[in-house]
Amino acid sequence: MKPSPSALRDHLLHPEDRDLPLKAEEIFGRKAPLAVEVGFGGGEYLNWWAGEQPDWNFIGIELPLDCIFRAARHFEDSKRSNVRLVQGDARYLLRELFAAGSLRHVLMQFPMPWPKEKHAKHRVSSPGFAATLADVLEPGCSFELVTDQDWYAAETETHLSANPAFDVTPVEINPERPFRTRYETKWLEEGRQIYRLLVTLKTPAAAPRTLKIKKMETLHVKTPPTQEAIEALVGQRFEHGCGVGQVKEVFRSSDGWVVRILAADDAFSQLFHARIVVKKDGRCLLRIDEVPRPYYTAAVRQTLESISRVLQNA
Ligand SMILES: C[S@@+](CC[C@H](N)C(=O)[O-])C[C@H]1O[C@@H](n2cnc3c(N)ncnc32)[C@H](O)[C@@H]1O
């Protein structure tokens, strides 16, 4: 069920509209320790946690909007003012949204393990994750993983142990936990074991961010393109050093065309629209559509620049 508009207004953050890294003090209106839950599902744990520690601030990151809706309803019902939600891919956002040394705790419970090797790049705990944690955690603070997959706990332990920034505690089996998530309850009923890995940051290390600019500027195409030139864009793939972009579809609109684009920076992919607008004075503009608004990553920027070059030379 959809939460009320006020629950979304109060709890859903739109980082793409803000200067990064996020300023938690501005968002919450107070200075307090900040914790993040990655992949909070329906938000039951996050709601409980925010209630248990009212003097901390919390941000949850999830992919589907449905999870955001369910969590926002919990927060509305429980009148939580210390928790916000961000929709998107935590593999990327954890590094891009948070300032160095700004997180008191990062928690990930029952992440999707992506067991097949060909899908390994989708695992949140890929090798780059250790570098991100070494940057965003406060020194002396921890990342906690809870999972029902022993190999996943072991693999994450290996990645994090390989980084000298961390103290790694051996994986615990069936730890006592004050509140259990929906998945945890389900797995325990099926008789599965639960594994917990806790690692503490001893030596912080900077991880380079890639998102520097908040807003995409409009690009200019000197001559308005023909319908054939626009149709020829479909299927074109633009490879750049750090990523790739592909034109999926084009549609006619009242003032020009809409181009549907998939852009990926490493394994972080975004589907968005760009508008090609032909002005009355003959000028032609190329700009990102507002909905759904992508993060302005290198792959997004370079794909748009490539499209504008192709149209220019058509
Ligand atoms: C198995 S569910 C567990 C949900 C919840 N933590 C629980 O224990 O009930 C895994 C969750 O991780 C989310 N997830 C997977 N990959 C993600 C990513 N890259 N960034 C953010 N969330 C992700 C999924 O959308 C899903 O809700």
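Strand β10 (residues 243–253) and strand β11 (residues 256–265) run antiparallel and are joined by 10 bridges. This pairing belongs to a predicted model, in which six strands form an open antiparallel sheet. A helix, α10, packs on that sheet, and a separate set of 21 residues surrounds the ligand.

**The β10–β11 pair**

- β10 and β11 form a hairpin, with two residues between the strands.
- Within this pair, S253 has G256 of β11 as its bridge partner.
- Also in this pairing, F251 stands opposite V258 in β11.

**The β9–β10 pair**

- β9 pairs with β10 in the antiparallel sense, and four bridges connect these two strands.
- The connection between β9 and β10 is again a hairpin with two residues between them.
- R237 is placed opposite Q246, a residue of β10.

**The sheet as a whole**

- Read across the open sheet, the strand order is β8-β13-β12-β11-β10-β9, with antiparallel pairing.
- The edges are occupied by β8 (219–221) and β9 (237–240); each has a single partner strand, so one side of each is left without a neighbour in the sheet.
- On average, neighbouring strands of this sheet are turned by 25° against each other, direction ignored.
- Strands of a sheet pair through backbone hydrogen bonds, in either a parallel or an antiparallel arrangement.

**The helix on the sheet**

- Helix α10 spans residues 298–313 and packs on the sheet, where the strands it touches are β8, β9, β10, β11, β12 (268–278) and β13 (284–288).
- The direction of α10 makes about 140° with that of β11.

**The surroundings of the ligand**

- Of the 21 residues around the ligand, those that come nearest are G39, G41, A90, T181 and Y183.
- Three elements give two or more residues to the shell around the ligand: β2 (57–62), α5 (90–97) and α8 (182–189).
- Helix α8 supplies the largest share of this shell, namely three residues.
- Sorted by class, the shell around the ligand contains 12 nonpolar residues, five charged residues and four polar residues.

Technical notes. Residues numbered from 1 in each chain as written. Predicted model: local features only at pLDDT ≥ 70, side-chain atom pairs only at ≥ 80, totals over all residues. Near = placed C-beta within 6 Å. Nonpolar A, V, L, I, M, F, W, Y, C, P; charged D, E, K, R; others polar. Pairing = 2+ DSSP bridges. Axes fitted to C-alpha atoms, helices over the stretch in contact; angles between N-to-C directions. Contact = placed C-beta atoms within 7 Å.
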